[in-house]
Amino acid sequence: MTSVSQTLPSFQSQLRANVFGWVSLRHFLPANNLRDLVHLLVDEVSEGQISFDRLFEEREILNKPGLDGWIVRPQKTEGKLAGYLQRAIQDIVWQADGDGFPPEDGASPEQLLKARSLERALQLGTRDFGFDQREFREPFKDQACEALLDLLRGGSACLTGKAEWSEYPSTAINRVSNLYPPLAVLLLKHIGDLCADADAWRTAEDLYRKCRDRLGNEAREGWQELSEQLVDVIDQSIAAAVRVNTGPEEAFALLRDNLGSSSLEVRPLLKLNAPFDALSAALSVDSLALKFAENRTALLKPPLSHESHQLNWSIFAAAGSRNRHRAWRRCWAVLRRQIALGLSTESRDTMGAFAQVLLLMAEETEPHRGYPADFQLAVHLLIQAADRSHVDDINWSERMVARFVDEAAVELVISLCGRHQGMSIERHRSAISLLTRWAEKIPQDRRQVARIIVEFLSAQAINGSTSFSSNRNLALAGLDALCRLAKSRPEFCRDNVASIHSAVVARLRLQAHWNLHANAFDLVNLTVDMYSRDQARELVDETLSLLAALKPETQLWPVVRPALQFLLSDEVVTLANADAELGRRIVNCIVTFGAGDRSNAAGLIQNLERFDRSLLDENVVTELRKALVERLVPSVARLNTSSNAADIRALLAIPSLSGKVGATAALEALESVLSSVKTNRPSMGVADAYAPVLALAGRRAEFVALLGEEYVEKHWNVLVELIFDMWSIAVNTPKLLAPFSIPEPTNPNAVTVHNWTYASLRFAKDLDQEDRMLQFLKGIDSPASLRDPIDLAIATGALSAHFKDQQDRNLSDEGNDAFYAGLGRRLVRVLSEEEDVAKRICSELLQQCLIRGPRGLDAGVLAEALRLKIENDASRPLVQDYLQRLNSDPSMRLALWPLVAGLN
């Protein structure tokens, strides 16, 4: 191998003259030239103050040029510039395209400038024709980098249609004409590669051929070895372009001629790389595929190097049942060699990959041909790998879990966890993830298996190790896993709620890091409806004790917020209202943690409205009225604040607490917000004002008792007319019903429209104007961004009992979402009405289902149609079209076909 000192002066001087340009094109250089470049790079950037030997120890792997290698290992160093150079060179050797961070200080201004130039050159070599030109506004002090940048701009113009691809090669040749010949060839080759990447293969082939001509004509003094390797690379690139432009037969002919023209000794790179392309091209042509002889070249990498024993990801693609034996053997071949070399980390990664291959094969194998031993081996490998990411990467299907997961499989996982002390935590972490995913997919009839899993997870939550690192915090992992099951399989949690209760109580009693308490409360909130009265009482006591120890001034809201959420749950509120002593403790706790939070004053009052008024002591009422209501009254008068609607809603939540001052201030503010829609600057709270309107609906008597009948009658009538005005203006300005945001919204928010519909109808009912409001809302035919959410709200319960069953609106006018959202309510009416009315309604629903389906909800309508014997009402063409669509949906076909077949 040629060392730096042996490099011919002309070539070395050219390396130094355009060192950053060579860096941008580094991926073309063999190891010996790359080593020379890196040595010069360190010297150039540091201005001779840092030597390469100070940054790395190295060893050359001597071989035929192009097949040589280089080992570098970083050494301990000091200084920001040295650290940056070390990281940059590691990226070069790793052939990575990472983003570096040149130092801002710690070196001379000239050195810092060169470090920034190095980083820009590294990044320039990674850009394609779609690059952001703003990245490279500052000019390079390097001819090659400037040439590359100009050619990237030219390619970008061609890509966007501002220039012609046919003219691009001549432009490129002219631009590199003043560069050192090998550098010019590398630059042209790189531009050709970018053309290929941009799917401009004609231009790429033209540039490749021009590079090949130059290599044949140029004098190669000083760069003979580099040119020989470039010839091999460019010949194969020409064949790649020919295959795209002309076809595989011509590409094969080129590769065959090149491969047959010389020996492995003369053209090792071509002999190593090209046979794979030749094979692929031959197999694409019938006449060649029949007589092609296998002649691919094999390369033995250093057998005792970890780099020589890595799984190729193509092994996963070959993991089907037909390739089972080959995939299995390849995984085992890599794994046993890694174990032999003592590669602990890499062997565990291979175990995880091996397990995925085995599970892929198990998934594709027919049940009667399955191999349970393969599944058990995969499970063993996953736990032995001790990395939960491998478990998380697997798509555990219900089919696979149903076939293989039983008590024995779960017991195997649990037994493997504690087999070795040194990896116990990591193995338990993998087991928690594995068992959780199994429990999410396990069949309903395997409740005993689910019980073992829930008990294991609960035990980890109680006794598992704790750590600031989430990967080693088994208690936290156990709580998280139980939270997942509470969301996805609540039935299993309900069956085993005693063990979950024990886990939560144990964690709340122990002094622990805040995230354990926070996650314990998350679990409580997901399972609060599962506990017995005594269990819930115990959890409330533990929660109150924990909050008492925290104190409001600690501001530990990640724990306090879910704890208060638990105390405000329906179950706990019911418990509090039934037990005055406990209720007062809960209310006092809520007031203690909420009264001092000025930003959440509105939220505190809304929370308290759910408790019995007798739980609010007079002292508490007086204190809250002074501390909170007096803050909210001036706040609601400021219309252009994001909290305006919430503050109004809070003052209306408990009229007896707000008093006349608070209630009247809130009503006047609400009227001002709604009136603002008639101005050029509507209030920020218009979209959210449905919340205070809902707070008024159905509670007229409370406000009459506080404010008097005449006052309430006047303001209720004003508000309902303002709501009509708001809807009228929203038809022409739909974005009015979108919460304030930056940038300004362009369309209404569907949830906001839905909620406003609900609030409008409920409030209008108090004034006996529900029918008027309903007809008004039904008369809004456009835009669809208003029409669809309005239909959905009406279909899903916005109407009172007197109106909700009316079907005077044509069902065909409803969107699919609105129709199916209201289908359950209409089916209830079919079941409860007299037979004649039920038949009429069911016939209308049947027609709509046949037009819109198939969907699972159609089953109820189809069954009722057969029960009521109105199957002949179905249009035969509609039935035939429905069956045709049903044939294309395997998931629905088996369930719905018998019902549809009974029609007509």
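**Exercise 1.** Find which residues Trp756 touches, leaving out residues up to four places away in sequence.

*Solution.* Start with the cut-off: contact means heavy atoms within 4.5 Å. By that test, the partners of Trp756 are Leu674, Val686, Ala687, Ala689, Tyr690, Val693, Ile723, Met726, Trp727 and Leu737. Before going on, note that the model is predicted, with local features needing pLDDT of at least 70 and side-chain atom pairs pLDDT 80 or more, while totals for chains, interfaces and linings use all residues. Residues are numbered from 1 along each chain as its sequence is written, and side-chain values use heavy atoms, without hydrogens and water.

**Exercise 2.** Place Trp756 in the largest nonpolar core.

*Solution.* First, the term: such a core joins buried Ala, Val, Leu, Ile, Met, Phe, Trp, Tyr and Cys residues through side-chain atoms within 4.5 Å; buried is under 20% relative accessible area, exposed over 50%, partly exposed in between (1.4 Å probe, protein chains only). Next, the result: the largest core has 163 residues, and Trp756 is among those with the most contacts inside it, alongside Trp396, Trp438, Leu567, Ile586 and Trp727. Finally, another core lies apart from it, with 77 residues, including Leu15 and Val176.

**Exercise 3.** Decide whether Cys331 and Cys589 are buried or exposed, and count the disulfides.

*Solution.* Cys331 has 0% relative accessibility, so this cysteine counts as buried. Cys589, at 9% relative accessible area, is buried too. Now look for pairs of cysteine sulfur atoms within 2.5 Å, which define a disulfide: the whole structure has zero disulfides.
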